[in-house]
Amino acid sequence: MFTITVKSAEDTRALGAALAGYVRGGDMIMLTGDLGTGKTTFTQGLGAAMGVRGRVASPTFIIARVHKGNPDLVHVDAYRIEDLDDLETLDLDTALEESVVVIEWGEGKTESLSKDRLEITILNPAGIQDLGEDLEQADSNVREISFNQVGERWLTEDTLEETLRKALESTDK
């Protein structure tokens, strides 16, 4: 596991874009983090770099969006999903075979879908309470993004951390 600190939404998108060079059909990525920490922002960077069609937006109310590309990007919001029975209605098993599947809020619910997955946790280390009542500065956009490579597929990606860190360096210039 490794953690990268970002300072802006642009940095978060840049990490998603850099990850696009690693993903392939059949990959599952789980995104965990509080509301507003940047899960969809990260996915926007990934989708843009993958060249998928359509605006990547939070699938909160529709649960899953398919963005056509080669491979497709399936963006899932599992917040309202209670168990694997609910997930079965989405037919994610089929999508997992050929698409890149990004699941927000899947922790504790979707791990059994794939023994190989990239688990990404996005944290806002400051929190709104640390910045007093100045609401304009309430969200500094500083995030700690942790990457946990699970299973043989991801554990063999030994240059992932280096590539993601380099992508972030290029946004600082």
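How many of the 12 residues of helix H2 are buried? In this predicted model, the count is 9 of 12, so H2 is mostly covered, with buried taken as under 20% relative accessible area. Helix H2 spans residues 39-50. From its first C-alpha to its last it reaches 17 Å, close to the 16 Å expected at 1.5 Å a residue.

The buried set begins with Lys39, Thr40, Thr41, Phe42 and Thr43, and it continues with Gly45, Leu46, Gly47 and Met50. What do these buried residues of H2 pack against? Their partners are helix H1 together with five strands listed here by residue range: E2 (28-33), E4 (73-77), E5 (100-104), E6 (117-123) and E7 (143-150). Just after H2 comes glycine 51, whose phi is positive at about 75°.

Helix H1, one of the partners of H2, also packs with a second helix. H1 (residues 9-19) meets H6 (residues 160-171) at an angle of about 140°, and the two axes lie 9 Å apart. The two helices are therefore oblique to each other, and H1 passes H6 in a right-handed crossing. On the H1 side, the contact is made by Glu10, Asp11, Ala14, Leu15, Ala18 and Leu19. H6 contributes Leu160, Thr163, Leu164, Ala167, Leu168 and Thr171. Sorted by class, this contact of H1 with H6 holds 8 nonpolar residues, along with 2 polar and 2 charged ones. A general point helps in reading such lists: an α-helix has 3.6 residues a turn, so residues three or four places apart point the same way.

How values were computed: Residues are numbered from 1 along each chain as its sequence is written. This is a predicted model: local features need pLDDT of at least 70, side-chain atom pairs count only at pLDDT 80 or more; totals for chains, interfaces and linings use all residues. Side-chain values use heavy atoms; hydrogens and water are left out. Axes are lines fitted to C-alpha atoms, for helices over the stretch in contact, and angles run from 0 to 180 degrees between N-to-C directions. Helices (H or I, at least four residues) and strands (E, at least two) are DSSP runs, numbered from the N terminus. Angles under 35 degrees count as roughly parallel, over 145 as roughly antiparallel, 65 to 115 as roughly perpendicular and the rest as oblique. A crossing is left-handed if the near helix is turned anticlockwise from the far one by less than a right angle, and right-handed if clockwise. Contact means heavy atoms within 4.5 Å. Ala, Val, Leu, Ile, Met, Phe, Trp, Tyr, Cys and Pro count as nonpolar, Asp, Glu, Lys and Arg as charged, and the others, Gly among them, as polar. The expected span of a helix is 1.5 Å times one less than its number of residues. Buried means under 20% relative accessible area, exposed over 50%, partly exposed in between (1.4 Å probe, protein chains only).
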